[in-house]
Amino acid sequence: MELLEILKWGASISGIVAAFMVALDYGRRITGWGFALFVLSSMAWIAGAFLGSDEPLLSQNLVLFGINILGVYRYLIRKQPVD
């Protein structure tokens, strides 16, 4: 199995697991770790798209990478607002 195929499968599987973690809504910590996994998935898709010269996939995952970083910040780093 070549590097590009490994990256694509890793990105696909980690994205599925991350989506499941976020969809479960078991609390901020699980959701935050789901977003962290999405970050890794986006990084793998970015690398795979770059190596495979797939510009649409590359641009999509650059944007998703930023959104996922925001999710990590909101759910793992930022303190919950006090009521």
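Helices, as the word is used here, are DSSP runs of at least four residues, numbered from the N terminus. With that in hand, the layout of this predicted model is quick to read: going from the N terminus, the elements run α-α-α. That's 3 helices and 0 strands in the chain.

Let's start with the whole chain. Its C-alpha atoms fill a box of roughly 50 × 20 × 15 Å, taken along the principal axes. Of the 83 residues, 28% are buried. The chain exposes about 5800 Å², and carbon and sulfur atoms supply 69% of that area. As for who touches whom, take the contacts with a separation of 6 or more: 56% of them are between residues 24 or more positions apart.

Now walk along the chain. Helix 1 covers residues 3–24, and Ile13 sits in it. Is Ile13 buried or exposed? Neither, quite: its relative accessibility is 48%, so Ile13 counts as partly exposed. Ile13 also has company on the surface, where it forms a nonpolar patch with Met1, Ile6, Trp9 and Val17. Together these residues have about 550 Å² of accessible area.

After helix 1 comes a loop, which leads to helix 2 (28–51) and holds Asp25. Here's a small backbone detail to look for. Most residues other than glycine have a negative phi. Asp25, however, has a positive one, near 55°. Asp25 is also exposed, with a relative accessible area of 59%.

Next up is helix 2, with 24 residues. From its first C-alpha to its last, helix 2 reaches 34 Å, close to the 34 Å expected at 1.5 Å a residue. Which residues of helix 2 are buried? Among them are Thr31, Gly32, Gly34, Phe35, Ala36 and Val39, and further along Ser41, Ser42, Ala44, Ile46, Gly48 and Ala49. The buried residues of helix 2 pack against both helix 1 and helix 3.

Ser41 is a handy residue to zoom in on. It lies in helix 2, and its relative accessibility is 4%, so it counts as buried. Leaving aside residues up to four places away in sequence, Ser41 touches Ala11, Ser14 and Gly15.

Just after helix 2, you'll meet another positive phi: Ser53 takes a value of about 55°. Ser53 belongs to the loop between helix 2 and helix 3 (55–77). What does its surface look like, buried or exposed? At 54% relative accessibility, Ser53 counts as exposed.

That loop brings us to helix 3, which has 23 residues. Helix 3 reaches 31 Å from its first C-alpha to its last, close to the 33 Å expected at 1.5 Å a residue. Leu57, Asn61, Asn68, Gly71 and Val72 are buried in helix 3, and the buried residues of this helix pack against helix 2.

One last stop: the aromatic rings. A pair of aromatic rings is described by the distance of the centres and the angle of the planes. How many aromatic pairs does the structure hold? There are 2. One of them joins Phe35 and Phe38, with 6.2 Å centre to centre and 55° between the planes, which makes it a tilted pair. Both residues lie in helix 2, 3 residues apart, or about one turn of the helix.

Phe35 counts as buried because its relative accessibility is 15%, and buried means under 20%. Phe35 also pairs with Tyr75: the ring centres are 5.7 Å apart and the planes are at 20°, so this pair is stacked. Why stacked rather than tilted? Planes under 30 degrees apart count as stacked, and the planes of Phe35 and Tyr75 are at 20°. This pair links distant parts of the chain, since Phe35 is in helix 2 and Tyr75 is in helix 3, 40 residues apart. Tyr75 itself is partly exposed, with a relative accessible area of 26%. Put the rings together and you get one aromatic cluster, made up of Phe35, Phe38 and Tyr75.

Note on methods
Residues numbered from 1 in each chain as written. Predicted model: local features only at pLDDT ≥ 70, side-chain atom pairs only at ≥ 80, totals over all residues. Heavy atoms only, no water. Patch = residues over 30% accessible without salt bridge, like charges linked within 9 Å, V, L, I, M, F, W, Y side chains within 5 Å. Areas by Shrake-Rupley, 256 points an atom, 1.4 Å probe, with all protein chains shown as cover. Salt bridge = Lys/Arg side-chain N within 4 Å of Asp/Glu carboxyl O. Helix = DSSP H or I, 4+ residues; strand = E, 2+ residues; numbered from the N terminus. Buried < 20%, exposed > 50% of the residue type's maximum accessible area, 1.4 Å probe, protein only. Contact = heavy atoms within 4.5 Å. Expected span 1.5 Å × (residues − 1). Phe/Tyr/Trp six-rings, centres within 6.5 Å; stacked < 30°, edge-to-face > 60°.
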